[in-house]
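Let's take a friendly walk through one molecular structure. Have a look at the sequence and the 3D view below, and keep them at hand while you read.

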Amino acid sequence: MSSIRQGIWAAVVVAGISASSAFAALSTPHIAGSHQTPAVWDENADPMTETSTGSGIWQRSYTGLAANTRFELKVTDGTWTNSYPGPNSWFVSDAGGNMTI
């Protein structure tokens, strides 16, 4: 999958989540997933950064992942009290092992 398509997919996922009224409960969204090491699915380890204050657009970049590999994830509130979406989302790292969500 090209990095452009990955970026579009990630934007759609985050936009879809941010459109949810429940997502408003997340002051700082976090990413939990199978890409994390050494503790996978750590709901509080990977906070996202708002691209500009008040934009409501959040991102998180990863490097050093296995190249061209599919990983599953959820967006959390830093706990498992609120996590989205219901079924896991996923992304594929690029050939250099990088991904921005």
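In the hairpin of β6 and β7, six residues lie between the strands, and Gly78 takes a positive phi near 95° there. Keep in mind that this is a predicted model. The two strands of the hairpin, β6 (70–76) and β7 (residues 83–92), pair in the antiparallel sense over six bridges. Within this pairing, Phe71 stands opposite Phe91 in β7.

**Thr76**

Which backbone nitrogen does the side chain of Thr76 reach? That of Gly78, at 3.0 Å. Thr76 itself belongs to strand β6. Is Thr76 buried or exposed? Thr76 counts as buried, because its relative accessibility is 0%. Leaving out residues up to four places away in sequence, Thr76 touches Leu26, Thr28, Pro29, His30, Ala32, Glu43, Asn82 and Ser83.

**Leu65**

Now move to the loop between β5 (61–62) and β6, where you will find Leu65. With a relative accessible area of 14%, Leu65 is buried, since buried means under 20%. Which residues does Leu65 touch, not counting those up to four places away in sequence? They are His35, Phe71, Phe91, Ser93, Gly97 and Met99. Two of these names should be familiar: Phe71 and Phe91 are the residues that stand opposite each other in the hairpin strands. Leu65 also shows how sequence and space can tell two stories: Leu65 and Asn98 are 33 residues apart in sequence, yet 6.2 Å apart in space, C-alpha to C-alpha.

**Salt bridges**

Side chains of opposite charge can pair when their charged atoms come close. How many salt bridges does a search of the whole structure find? The search finds two, and here they are:

| Salt bridge | Distance, N to O | Accessibility of the acidic residue | Accessibility of the Arg |
|---|---|---|---|
| Asp46 and Arg60 | 3.6 Å | Asp46: 8%, buried | Arg60: 24%, partly exposed |
| Glu72 and Arg70 | 3.1 Å | Glu72: 28%, partly exposed | Arg70: 48%, partly exposed |

The side chains of Asp46 and Arg60 meet in one of these bridges. That pair links distant parts of the chain: Asp46 lies in strand β2 (residues 46–47), while Arg60 lies in the loop between β4 (58–59) and β5, 14 residues apart. The other bridge joins the side chains of Glu72 and Arg70.

Key:
Residues numbered from 1 in each chain as written. Predicted model: local features only at pLDDT ≥ 70, side-chain atom pairs only at ≥ 80, totals over all residues. Heavy atoms only, no water. Helix = DSSP H or I, 4+ residues; strand = E, 2+ residues; numbered from the N terminus. Buried < 20%, exposed > 50% of the residue type's maximum accessible area, 1.4 Å probe, protein only. Contact = heavy atoms within 4.5 Å. Pairing = 2+ DSSP bridges. Polar contact = N/O pair within 3.5 Å; in protein donor to acceptor, adjacent residues only side chain to side chain. Salt bridge = Lys/Arg side-chain N within 4 Å of Asp/Glu carboxyl O.
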